[in-house]
Amino acid sequence: MEQPSYKIETDTAAGLIRATLSGFWDGTIVSSYARDLEKAITSLDRFPRGSNALLFFVDLRESGVQPADLMGQLQEVVAKIASEARRSAVITSTTLQKLQSQRVVEPDARFRFFGPDDEQIALAWLLSGEIV
């Protein structure tokens, strides 16, 4: 497993934020990720804040199942995504990881979970005009 890290990329034309997470995180990494995610959201300034216009692609394939004590912090990050998202696609690598990820998301049709080999399917869903 890699060192804990993340990479956030934006696509201004599509209003897309792509986050790739790796390793086992601690509270410091979660806080840093939350700050950088906020910067990415703000950088897409042609999309009004709180308009549910943004698309989020979160790739957890290189990330581990995270410690239980981080769940509260991660729920806050997910709530931030939910407040800005038209839809969010989450790629997980294991069933346990998917279950953990689903626990931090309030039931919401705008979030969909995909398997490790489904990146193209996830991106197609994310970028489609399908109304959720």
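Two strands count as paired here if DSSP finds at least two bridges between them. With that settled, I'll start at the hairpin. This is a predicted model, so please hear every value as computed from it.

The hairpin is made of S1 and S2, with four residues between the strands. Gly15 has a positive phi there, near 70°. S1 and S2, the latter covering residues 16-23, pair in the antiparallel sense over seven bridges. Two of the opposing positions are worth pointing out on the screen: Thr10 stands opposite Ile17 in S2, and Ile8 stands opposite Ala19 in S2.

Moving on from S2 to S3, these two strands run parallel and are joined by seven bridges. Gly23 has Ser63 as its bridge partner in S3. As for burial, six of the eight residues of S2 are buried, so this strand is largely enclosed by the rest of the structure.

Now the whole sheet. It is open, with five strands in the order S1-S2-S3-S4-S5 and mixed pairing. Which strands stand at the edges? They are S1, residues 5-11, and S5, residues 111-114; each has a single partner strand, so one side of each is left without a neighbour in the sheet. On average, neighbouring strands are turned by 15° against each other, direction ignored.

Next, the helices on the sheet. H2, residues 71-84, lies across S3 (54-63), S4 (85-91) and S5, and runs at about 135° to S4. H4, residues 119-127, also packs on the sheet and touches S2, S3, S4 and S5. The direction of H4 makes about 175° with that of S4.

That brings me to the aromatics. There are four aromatic pairs in the structure. One of them is Trp25 with Tyr33, edge-to-face, at 5.2 Å centre to centre and with 70° between the planes. Both Trp25 and Tyr33 are buried. A second example is Phe114 with Trp125: the ring centres are 6.0 Å apart and the planes stand at 45°, so this pair is tilted. Phe114 belongs to S5 and Trp125 to H4, so the pair ties together parts that are 11 residues apart in sequence. Phe114 and Trp125 are likewise buried.

Two more items on these rings. Trp25 and Tyr33 form one aromatic cluster together with Tyr6. And what lies over the face of Trp125? Arg87 does, at 4.9 Å from the ring centre.

That is what I have on this model.

Conventions:
Residues numbered from 1 in each chain as written. Predicted model: local features only at pLDDT ≥ 70, side-chain atom pairs only at ≥ 80, totals over all residues. Heavy atoms only, no water. Axes fitted to C-alpha atoms, helices over the stretch in contact; angles between N-to-C directions. Contact = heavy atoms within 4.5 Å. Phe/Tyr/Trp six-rings, centres within 6.5 Å; stacked < 30°, edge-to-face > 60°. Buried < 20%, exposed > 50% of the residue type's maximum accessible area, 1.4 Å probe, protein only. Lys NZ or Arg CZ within 6 Å of the ring centre and 35° of its normal.
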